[in-house]
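Thanks for taking a look at this one with me. Here are some points to read alongside the model, one stop at a time.

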Amino acid sequence: MIRLDERLSAVASLVRPDKRICDVGTDHALLPCYLYEQGARQIIASDVNENPLEAAKANILKFGCPEIKLVLSDGLKNIPECDDVIIAGMGGELIAQIISGCTFVSSDTRFILQPMTKAEILRKYLYSEGFEIILEKGAYSGGKAYTVMLVKYTGEKREIDNKFAYFGKCTDIRYISKVNSQLRKLANSQPELLSIIREEKP
Ligand SMILES: C[S@@+](CC[C@H](N)C(=O)[O-])C[C@H]1O[C@@H](n2cnc3c(N)ncnc32)[C@H](O)[C@@H]1O
């Protein structure tokens, strides 16, 4: 049985196993193998680099998931239409760039996004391009707090304020505390950010 850490478990929990899934930047493909174990069968595991795909191939063999398709692709460039697009473990700016190259967005497409950095830039990008965050889930792995976003396309373009850009819809106290620390540092050069610091109550 494949065991995922809390971060990847949170990502997996937002994926619909009966849909066409693509894990962009799959690296070791642990997440696709886990989803396969959970019953998903239409899975693409893609990466821009050959080496991760070799590691992915080894795991696909090891865990016996023959139907996972490996695709070498820069972002979504070589990816056919999928329903659930996972982009995890990358910076928020790169995730935004990858989404901007998506050619198959419909009202049923879901993006499961887990930025390692610059989540505020990703949230601003999403709303300015007509996406909406349905929910966010906090996760804690390797001593760090993360958020995982479930996102859909509505077509309604909106500007968001700094408070929403930094915290989004994540109510996890560990994530709020991490963002507060980030804001205290940023406030040295942008003092207005002090006013959006949130209370750290569980
Ligand atoms: C830190 S790993 C994250 C692996 C896994 N998604 C996770 O969250 O544990 C980032 C992976 O993204 C891949 N990557 C970076 N830029 C990419 C791009 N433009 N398109 C596809 N994959 C990319 C890297 O090669 C690497 O394997």
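1. Let us begin with Gln38. With 11 C-beta neighbours inside 10 Å, this residue counts as exposed, since the cut-off for that class is 12 or fewer. You will find Gln38 in the loop between α2 (30-37) and β2 (43-47). Its C-alpha atom is 9.7 Å from that of Ala12, although 26 residues separate Gln38 and Ala12 in sequence. Please keep in mind throughout that this is a predicted model.

2. Next, have a look at helix α3, which spans residues 50-62 and includes Leu61. Is Leu61 buried or exposed? Leu61 has 10 other C-beta atoms within 10 Å, and is therefore exposed. From Leu61 to Cys33 the C-alpha distance is 9.7 Å, while the two are 28 residues apart along the chain.

3. Now to helix α4, residues 92-100, where Gly92, Ile95, Ala96, Ile98 and Ile99 are buried. Why do these residues lie on the same side of α4? Around the helix axis they cover an arc of only 160°, and that puts them on the same side. As background, an α-helix has 3.6 residues a turn, so residues three or four places apart point the same way.

4. What do the buried residues of α4 pack against? Their partners are three strands and a helix: β1 (21-24), β4 (84-90) and β5 (110-115), together with α5 (119-128).

5. The pairing of α4 with α5 is worth a stop of its own. Two packed helices are described by the angle between their axes and the distance between the axes. For α4 and α5, the angle is about 25° and the axes are 7 Å apart. The two helices are therefore roughly parallel to each other, as angles under 35 degrees count that way. On the α4 side the contact is made by Gly92, Glu93, Ile95 and Ala96, and on the α5 side by Ala119, Ile121, Leu122 and Tyr125. By class, the residues of this contact are six nonpolar, one polar and one charged.

6. How many residues surround the ligand? There are 16, and the closest are Gly25, Asp27, Val48, Ala88 and Gly89. Two elements, β4 and α4, give two or more residues to this shell. The largest share comes from β4, with three residues. Sorted by class, the shell holds eight nonpolar, five polar and three charged residues.

7. Asp27, one of the closest residues to the ligand, deserves a second look. Most residues other than glycine have a negative phi. Asp27 is not a glycine, yet its phi is positive, at about 55°. This residue is found in the loop between β1 and α2. Its 18 C-beta neighbours inside 10 Å make Asp27 partly exposed.

8. Which other backbone angle should you check? Lys118 also has a positive phi, of about 50°, and is not a glycine. The loop between β5 and α5 is the place of Lys118. With 17 other C-beta atoms within 10 Å, Lys118 is partly exposed, as this class falls between the cut-offs of 12 or fewer for exposed and 20 or more for buried.

9. On to Gly101, which is found in the loop between α4 and β5. Gly101 is exposed, with 11 other C-beta atoms within 10 Å. Which residues are in contact with Gly101, leaving aside its neighbours within four places in sequence? They are Gly75, Leu76 and Lys77. Gly101 and Asp74 are 27 residues apart in sequence, with 9.7 Å between their C-alpha atoms.

10. Last comes Phe104, whose place is in the loop between α4 and β5. Phe104 counts as exposed, with 12 C-beta neighbours inside 10 Å. Leaving aside neighbours within four places in sequence, Phe104 is in contact with Glu81 and Thr109. From Phe104 to Phe167 the distance is 28 Å, C-alpha to C-alpha, and these two residues are 63 apart in sequence.

Methods: Residues are numbered from 1 along each chain as its sequence is written. This is a predicted model: local features need pLDDT of at least 70, side-chain atom pairs count only at pLDDT 80 or more; totals for chains, interfaces and linings use all residues. Helices (H or I, at least four residues) and strands (E, at least two) are DSSP runs, numbered from the N terminus. The arc is that of the directions from the helix axis to the C-beta atoms. Two residues are in contact if their C-beta atoms, placed from the backbone, lie within 7 Å. A residue is near a molecule or strand if its C-beta atom, placed from the backbone, lies within 6 Å of it. Ala, Val, Leu, Ile, Met, Phe, Trp, Tyr, Cys and Pro count as nonpolar, Asp, Glu, Lys and Arg as charged, and the others, Gly among them, as polar. Axes are lines fitted to C-alpha atoms, for helices over the stretch in contact, and angles run from 0 to 180 degrees between N-to-C directions. Angles under 35 degrees count as roughly parallel, over 145 as roughly antiparallel, 65 to 115 as roughly perpendicular and the rest as oblique.
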